[in-house]
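User: I am new to this structure and would like a close look at a single part of it, the enclosed space inside the protein. Please describe what surrounds that space and how the surroundings connect to the rest.

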Amino acid sequence: MRKKEEVNISLIAKESGVSIATVSRVLNGTVPVSADKRQRVEAAIEKYHFTPNSLARSLIRKETKTLGVILPDISNPYFASMFMEIERNALAEGYSLFLCNTLYGGSSHGIPNTRKEAYFFDLMIDKQADGVLIIGGQVDMLSVEEDYRLALKKLCDRLPVVIVGKEIPDVGGIFIQNETGFGVSSAVNYLHLLGHNRIAFVGGQPGVTITKIRLDAYRNVLEELGIPFDEQLIVLSDYYVDAGYSAMERLLKSNVDFTAFISMNDSVALGAIRCLADHGYCVPQDMAVISCDQFAGAAYQTPRLTGINQHHETLADIVVHTLVNAINDIHEPVSRIITPELIIRESCGTALASKTHFGINAIQANRQK
């Protein structure tokens with residue numbers, strides 16, 4: 001096995017039987033290369049685990065001042081807000097964005113997934129993006145397919161890549177997982193403080209990392225509070241309004257007793273509240289609600305939604321800053337600590353719920369007066 005420092009573009013060219021210029025074309029995607037030559041070059045790159053260093057990259061590809069953003073569904077409020085915050089931070093750093101909306105698993109509008117995510121990975125190489133941000137998609141699953149892992153590794157071998165999600169071993173790139181379940185713990189504790197012991201959990205898909213993390217937190221805090229865990233109080237569905245409606249309908253049909261529920265996000269909460277209204281229940285008079293993930297407009301719903309502010313704007317700042325550093329070959333510790341905040345509004349029926357955004361600390365301080 002050759003030492004890493006001995007592996008360079010000349011060796012790749014010799015191994016694959018092509019010119020250095022052809023290797024450069026494969027790496028930067030500026031000029032079409034025949035399928036046979038591309039395959040030979042990629043095989044040599046894979047064999048020697050070749051990754052151009054920052055100096056080599058500057059020689060073989062021009063800086064475009066563009067970043068790729070790959071996400072599964074721009075119609076989802078979470079991804080839409082993340083993209084807007086990423087764009088704001090990227091523009092401040094002097095970069096423009098390529099948006100790739102992959103429709104992984106379909107979308108909220110029922111549009112089927114038509115291309116594998118690997119297609120968009122190759123597109124970012126062909127478009128000569130300086131770096132790539134991946135938010136959601138298959139990386140969010142508890143287990144990923146092997147062809148996805150290999151495609152992601154190939155992308156990380158070519159470009160600086162930051163991935164928001166659980167780390168996938170041996171692919172390279174920089175992974176940032178900000179979800180810890182802390183927000184769910186805060187929500188359950190607060191509902192318990194209000195006197196609720198039968199607390200349901202609705203929304204989220206099985207097999208998805210964020211769903212597992214939040215469910216684990218839900219179970220753990222119930223145990224800490226001495227509240228019996230009831231599997232019937234958990235109804236998984238998806239992350240959209242219609243999923244919230246269907247999850248609540250299933251919960252009501254089960255005839256299980258509950259006085260409060262936690263939803264995966266604001267969209268799920270809205271669907272669930274509509275379902276409750278259609279069955280003659282009113283929030284917060286009959287049911288308390290807290291959303292795990294607050295979106296824009298929560299303070300203008302009826303009732304105003306109590307929810308967890310996950311501070312997506314902070315996450316966007318971190319991922320853009322981390323990617324720009326990687327592009328410029330700057331190595332510094334990645335800040336991953338983002339503390340969610342419980343924002344109390346009307347959907348819990350508290351006396352202090354109002355147009356003002358109160359945090360949990362403000363509520364407790366007011367009670368002590």
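Analyst:
**The cavity and its surroundings**

The search for enclosed spaces of 30 Å³ or more comes to one cavity. The model examined here is a predicted one. About 50 Å³ of space lies in this largest cavity. Its lining is made up of Asn178, Glu179, Thr180, Gly181, Phe182, Gly183, Gln310, Ile338 and Pro340. By class, five of these lining residues are polar, three are nonpolar and one is charged.

Glu179 deserves a closer look, since this residue of the cavity lining also takes part in a salt bridge. The side chain of Glu179 meets that of Arg214, with 3.0 Å from N to O. Glu179 sits in the loop between strand E5 (174-176) and helix H8 (182-193), while Arg214 belongs to helix H9 (residues 209-225), so the pair ties together parts that lie 35 residues apart in sequence. Are the two partners buried or exposed? Both Glu179 and Arg214 are buried; the term applies because the relative accessible area is under 20%.

Two other salt bridges offer a contrast in setting. Arg88 and Glu85 join their side chains at 2.6 Å, N to O. These two residues are three apart in helix H5 (residues 77-92), which means that about one helical turn separates them. Arg88 counts as partly exposed, with 49% relative accessibility, and Glu85 is also partly exposed, at 21%. In the second case, Glu146 and Arg149 form a salt bridge of 2.9 Å, N to O. Helix H7 (residues 146-158) holds both, and because Glu146 and Arg149 are three residues apart there, about one helical turn lies between them. Glu146 is partly exposed, having a relative accessible area of 45%.

Salt bridges also link Arg38, Glu42, Asp122 and Lys154 in a network. Over the whole structure, the search finds 16 salt bridges.

Helix H9, which holds Arg214, leads on to the open spaces of the protein. H9 gives four residues to the lining of the largest pocket, the largest share from any element. The space in that pocket is about 810 Å³. Besides H9, the elements that give two or more residues to its lining are H5, helix H10 (241-253) and helix H12 (312-327). H5 is also the helix that carries the pair Arg88 and Glu85.

In total, 41 residues line the largest pocket, and those that lie nearest its centre are Asn76, Phe79, Asp140, Val208 and Tyr239. The pocket lining divides into 17 nonpolar, 16 polar and eight charged residues. For the cavity, the corresponding classes hold three nonpolar, five polar and one charged.

Some overall values place these parts in the whole. The protein has 13 helices and twelve strands. Of its 369 residues, 50% count as buried, and Glu179 and Arg214 are buried too. Among contacts with a separation of 6 or more, 71% are between residues 24 or more positions apart. The exposed area of the protein is about 17400 Å², with carbon and sulfur atoms supplying 52% of it.

To return to the part in question, the cavity of about 50 Å³ has Glu179 in its lining, and the side chain of Glu179 meets that of Arg214 in a salt bridge.

Definitions and conventions:
Residues numbered from 1 in each chain as written. Predicted model: local features only at pLDDT ≥ 70, side-chain atom pairs only at ≥ 80, totals over all residues. Heavy atoms only, no water. Salt bridge = Lys/Arg side-chain N within 4 Å of Asp/Glu carboxyl O. Buried < 20%, exposed > 50% of the residue type's maximum accessible area, 1.4 Å probe, protein only. Contact = heavy atoms within 4.5 Å. Areas by Shrake-Rupley, 256 points an atom, 1.4 Å probe, with all protein chains shown as cover. 1 Å grid on protein atoms, 1.4 Å probe; cavity = no way out; pocket = protein on both sides within 12 Å on 5 of 7 lines; lining within 4 Å. Points joined across faces, edges and corners; volume = space filled by probe spheres on them. Nonpolar A, V, L, I, M, F, W, Y, C, P; charged D, E, K, R; others polar.
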